[in-house]
Amino acid sequence: MKKLLLILLIGIYSSAISQSEEVVKVQYNELKINIGMFVLGTPDITYERIFTDEYSAGISLAIGLLGDDNFGINYAITPHFRLFFGKKRARGFFMEANASVFEERTQNYDYWIRDYGTTNYTNIGLGLAAGYKVISESNWVGEIYLGGGRNLMHNTNKATMEYYPRLGFVVGRRF
């Protein structure tokens, strides 16, 4: 009887131990929307791929909806690379290197017709940003970042921007 009870207790104990080990599925992708830029009239959607605990890369797409009231930007495509300094997987403080291709609108005064005309310029720039990312237990993502970049083209035309902003108040989901 003691042997049977001992075997039964060992079986229950080993069953309880094997069930207590949770299998954690590693999430590699994030889809996010930049609420800060959305409020300013330039919706910005980002996809980010996490490669390791410390590195990720992503791409953002922004579209200007308000004409000249949203930094004068028609669209912006911004790939970025992030280096994380947190203790957990791809969260905490990060530094970002980015490049941007964007089209901006400028107002030029035409002396011949005595009126203002709009010209579109495509620009390319390189920049840096810093931010902080948090993740909930249910894989909701929140991040805030601030930075900027320098344009590499059309800087001789005083109507175009020499610098571009990189700012965000972002929410999304890791999957």
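This passage describes the fold, the nonpolar cores and the charged contacts of one protein chain in a predicted model.

The protein chain has 175 residues, of which 35% count as buried. Its secondary structure comprises two helices and eight strands, and, read from the N terminus, these elements follow the order α-β-α-β-β-β-β-β-β-β. Among the contacts with a separation of 6 or more, 53% are made by residues 24 or more positions apart. The surface that the protein chain exposes amounts to about 11,300 Å², and carbon and sulfur atoms supply 66% of this area.

Strand β1 takes part in pairing with two other strands. With β2, β1 pairs in the antiparallel sense over five bridges, and with β8, β1 likewise pairs in the antiparallel sense over five bridges. Glu 30 can be followed in both pairings, since this residue stands opposite Glu 48 in β2 and opposite Arg 174 in β8.

The largest nonpolar core consists of six residues, namely Ile 50, Phe 84, Ala 90, Phe 94, Tyr 145 and Val 170. Within this group, Phe 94 can be described in greater detail: with residues up to four places away in sequence left aside, Phe 94 touches Arg 82, Leu 83, Phe 84 and Phe 85, the run from Ala 129 and Ala 130 through Gly 131 and Tyr 132 to Lys 133, and also Ile 144 and Tyr 145. A second core, separate from the largest one, has five residues, among them Ile 73, Ala 76, Phe 102 and Tyr 164.

Charged side chains form 13 salt bridges in the model. In one of these, the side chains of Arg 174 and Glu 30 meet with an N to O distance of 2.7 Å. Arg 174 belongs to strand β8 (residues 163–174) and Glu 30 to strand β1 (residues 29–34), so this pair ties together parts that are 144 residues apart in sequence. Both partners are removed from the surface by the cut-off of under 20% relative accessible area: Arg 174 is buried at 5%, and Glu 30 is buried at 0%.

Another salt bridge joins Lys 133 and Glu 48, whose closest N and O atoms are 3.3 Å apart. This pair, too, links distant parts of the chain, with Lys 133 in strand β6 (residues 115–135) and Glu 48 in strand β2 (residues 44–50), 85 residues apart. Lys 133 and Glu 48 are both buried.

A further salt bridge is formed by the side chains of Glu 96 and Arg 82, at 2.9 Å from N to O. Glu 96 lies in strand β5 (residues 92–110), whereas Arg 82 lies in strand β4 (residues 73–84), so the parts tied together by this pair are 14 residues apart in sequence. Glu 96 counts as buried at 2% relative accessibility, and Arg 82 is buried with a relative accessible area of 1%.

The salt bridges that share partners join these residues into one network, which contains Glu 30, Lys 32, Glu 48, Arg 82, Glu 96, Lys 133, Glu 143, Arg 166 and Arg 174. Two members of this network, Arg 82 and Lys 133, are also among the residues that Phe 94 touches, and Phe 94 itself belongs to the largest nonpolar core.

Key. Residues numbered from 1 in each chain as written. Predicted model: local features only at pLDDT ≥ 70, side-chain atom pairs only at ≥ 80, totals over all residues. Heavy atoms only, no water. Helix = DSSP H or I, 4+ residues; strand = E, 2+ residues; numbered from the N terminus. Buried < 20%, exposed > 50% of the residue type's maximum accessible area, 1.4 Å probe, protein only. Contact = heavy atoms within 4.5 Å. Areas by Shrake-Rupley, 256 points an atom, 1.4 Å probe, with all protein chains shown as cover. Core = buried A, V, L, I, M, F, W, Y, C linked by side-chain atoms within 4.5 Å. Salt bridge = Lys/Arg side-chain N within 4 Å of Asp/Glu carboxyl O. Pairing = 2+ DSSP bridges.
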